[in-house]
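Please work through the following exercises with the sequence and the coordinates open, and attempt each task before reading its solution.

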Amino acid sequence: MSSEPQNFEILLVPEHVVEGSRQDAVRSAVVAPTGGNGASGYPRYSGEGMVADIDPATRTVEALLVDGAELDYGLKPIVYGPS
């Protein structure tokens, strides 16, 4: 059995927010593993319009597309999980 989480929740919060919470999020999505790795080499997760390469050990987003586009300036992703 893998120790990697099955799902993560990604919150998009304004960059000026130091420790974002669900109340600060302008958008959120629960993403599930796709079974493959992204261009970054990390596992790829997808769901609710977001596709992300996430390092499951550190919960760091290495790459992120939102509705097929790069993340808008002024926003940062925060990862919660497993959800």
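**Exercise 1.** Determine which residue of β3 stands opposite P33, and how the strands concerned are joined.

*Solution.* In this predicted model, P33 stands opposite Y45 in β3. Taking the strands next, β2 covers residues 27-37, while β3 covers residues 43-47, and the two run antiparallel, joined by three bridges. Finally, β2 and β3 form a hairpin with five residues between them, and in the turn G41 has a positive phi of about 95°.

**Exercise 2.** Establish in which sense β1 and β2 pair, and whether E9 counts as buried or exposed.

*Solution.* Begin with the pairing: β1 and β2 are antiparallel to each other and share five bridges. E9 belongs to β1, which spans residues 8-14, and its position is opposite V30 in β2. The relative accessibility of E9 is 12%, and because buried means under 20%, E9 counts as buried. As a last step, look for the polar partner of this side chain: the side chain of E9 makes a polar contact with that of R22, at 2.7 Å.

**Exercise 3.** Describe the surroundings of R27, starting from its accessibility and ending with its polar contact.

*Solution.* R27 lies in strand β2, and its relative accessibility is 27%, so R27 counts as partly exposed, given that this class lies between the limits of 20% and 50%. Leaving aside neighbours within four places in sequence, R27 is in contact with I10, L11, L12, E48, G49, M50, V66 and D67. For one of these residues, E48, a polar approach can be specified, since the backbone oxygen of E48 lies 3.1 Å from a polar atom of the R27 side chain. A further distance concerns V13, which is 14 residues from R27 along the chain, with 7.5 Å separating the two C-alpha atoms.

**Exercise 4.** Identify which residues have the most contacts inside the largest nonpolar core, and which elements give two or more residues to it.

*Solution.* The largest nonpolar core has 13 residues, and those with the most contacts inside it are I10, V31, M50, I54 and L64. The elements that give two or more residues to this core are β1, β2, β4 (50-55) and β5 (60-66). Taking M50 as the example, and not counting residues up to four places away in sequence, one finds that M50 touches I10, L12, R27, S28, A29, V31, Y45, L64, L65 and V66. Among these, R27 returns from the preceding exercise, where M50 was listed as a contact of R27, and Y45 returns from the opening one, where Y45 stood opposite P33.

Notes
Residues numbered from 1 in each chain as written. Predicted model: local features only at pLDDT ≥ 70, side-chain atom pairs only at ≥ 80, totals over all residues. Heavy atoms only, no water. Helix = DSSP H or I, 4+ residues; strand = E, 2+ residues; numbered from the N terminus. Buried < 20%, exposed > 50% of the residue type's maximum accessible area, 1.4 Å probe, protein only. Contact = heavy atoms within 4.5 Å. Polar contact = N/O pair within 3.5 Å; in protein donor to acceptor, adjacent residues only side chain to side chain. Core = buried A, V, L, I, M, F, W, Y, C linked by side-chain atoms within 4.5 Å. Pairing = 2+ DSSP bridges.
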